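Q: Could you go through this predicted model with me and explain how some of its descriptive terms are justified?

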Amino acid sequence: MNYTFFLLLLTLVHSTFSSLAPTDQVALESIRNSLTDMPGSAFFATWDFTTPDPCSTFSGLTCTSLGRVSALSLGPNLSGSLSPSISNLTHLTQLVLYPGLVTGPLPPRFDTLPLLRVISLTRNRLTGPIPNSLSSLSYLHTLDLSYNQLSGSLPHFLTTLPRLKVLVLASNRFSDNVKPVSSPLFHLDLKMNQLSGQLPPAFPVSLRYLSLAGNSISGTIIPLEPLTDLQYIDLSMNQFTGAIPQSLFGSTTSSMFLQRNNFTSINATSSLTLPQGSTVDLSHNSISGELPPSLAGAESLFLNNNRFTGNIPEEYVESLINGTTKTLFLQHNYLTRFPWNSGFELPDSVSLCLSYNCMDTDPVVGLSTCPIEVAPLLSRPAIQCSRFYNHSSTG
């Protein structure tokens, strides 16, 4: 009899510690009522509020030993909106919304969720600004709101949160300029917004990944000079001007995309060494001068549609022949000579384009594998080359 009573008591204690706290259950019911499975989705099939232990049966739910929701992952393929009742899950450390068609604003009260470390609400149709209540999240490590329709200025507090390491706001409608960054970020992605103005005076040297592509940011990129540990940088499709600092061509930078800006020069001495397998795209700028021999070590090198002059360095040919460089695009410049020997043989994997320069085409006939959009003319008209070089010599 006593043994039976003991088992009953043990079962009661277990159910008490594993069942969902009443306040959290009410919040989850509101969240469930504001969202709907899209056709073909069955995410909410397990959300039966009559079950004795939602913590162990609900999809996307993780609870503490006291029945408080600690992690909530919703979707994918949901529609509807995010209920403000999310703010009542006061023990939440992780909030995730997978891709779907969820609309409407972000929950307004993040200040009631002091333990949040991860917010990832990506690839939906969320609208409106980022609420100021996010400024209270001193433990936040990751904020990813990418691929939505959020708008307004970038709040200053976002880049000052003391523990924020990953900030991804790509492909939204944020405007204004990039705010000064004091958070210890190692990943910052603001691409495909409506940002303008110039870069702030400094970025954290901890940055490993930086993307500002597809905005309208102007001025020089001198504030990025101290970022010697960057592994990935994408500033393409902006309005940057001036010189590209040598420090960006660091031994760690494996991907550099600076195309479609207004850069005019490269500070790249012979001392720099590109990492093996790197990609460098400086195409569609206004970069002048001779080609830096040190860039020859890139696996994919796009220097086309600039104003480069003079002979192509022999290092570029050597890198093609030994297979280090697999793609070399130099078309639409003012280059005068490609140091090719008829005894050389290019690997089949190499893509080389030299069209529309000021060089004799005979030595390179048959070598070019230009993209289809390149003009069929092998060389610039002689009058263009003559005018360009005469102007340069008198300028």
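A: A good place to begin is with lysine 191 and aspartate 189, whose side chains meet in a salt bridge with an N to O distance of 2.7 Å.

Q: What makes the meeting of lysine 191 and aspartate 189 a salt bridge?

A: The term requires a side-chain nitrogen of Lys or Arg within 4 Å of a carboxyl oxygen of Asp or Glu, and the N to O distance for lysine 191 and aspartate 189 is 2.7 Å, so the pair satisfies the definition. Both of these residues are buried, and the structure holds five salt bridges.

Q: Why is the pairing of aspartate 24 with arginine 68 called a salt bridge, and which parts of the chain does the pair link?

A: The closest N and O atoms of aspartate 24 and arginine 68 are 3.0 Å apart, and the cut-off is 4 Å, so the term applies. The pair links distant parts of the chain, 44 residues apart, with aspartate 24 in helix H2 (residues 22-34) and arginine 68 in the loop between strand E2 (61-63) and strand E3 (69-74). Aspartate 24 is buried, as is arginine 68.

Q: Aspartate 176 and lysine 179 also meet in a salt bridge; why is aspartate 176 called partly exposed, and is lysine 179 buried or exposed?

A: Their N to O distance is 3.3 Å. Aspartate 176 has a relative accessible area of 35%, and partly exposed covers what lies between the buried limit of under 20% and the exposed limit of over 50%, so that is the term for this residue. Lysine 179, with a relative accessible area of 15%, is buried, because the term means under 20%.

Q: How do you know that leucine 207 counts as buried, and where is it found?

A: Its relative accessibility is 0%, and buried means under 20%, so the term follows. Leucine 207 is found in the loop between strand E13 (187-189) and strand E14 (209-211). Leaving aside neighbours within four places in sequence, its contacts include Phe186, Leu188, Leu227 and Leu230.

Q: Why are strand E8 and strand E10 said to pair?

A: Strand E8 (residues 125-128) and strand E10 (residues 149-153) are joined in the parallel sense over two bridges, and pairing requires at least two, so the condition is met. Glycine 128 stands opposite leucine 150 in E10.

Q: What makes E10 and strand E12 a pair?

A: E10 and strand E12 (residues 173-175) share three bridges in the parallel sense, and at least two are required, so these strands pair as well. Here serine 153 stands opposite serine 175 in E12.

Conventions. Residues are numbered from 1 along each chain as its sequence is written. This is a predicted model: local features need pLDDT of at least 70, side-chain atom pairs count only at pLDDT 80 or more; totals for chains, interfaces and linings use all residues. Side-chain values use heavy atoms; hydrogens and water are left out. Helices (H or I, at least four residues) and strands (E, at least two) are DSSP runs, numbered from the N terminus. Buried means under 20% relative accessible area, exposed over 50%, partly exposed in between (1.4 Å probe, protein chains only). Contact means heavy atoms within 4.5 Å.
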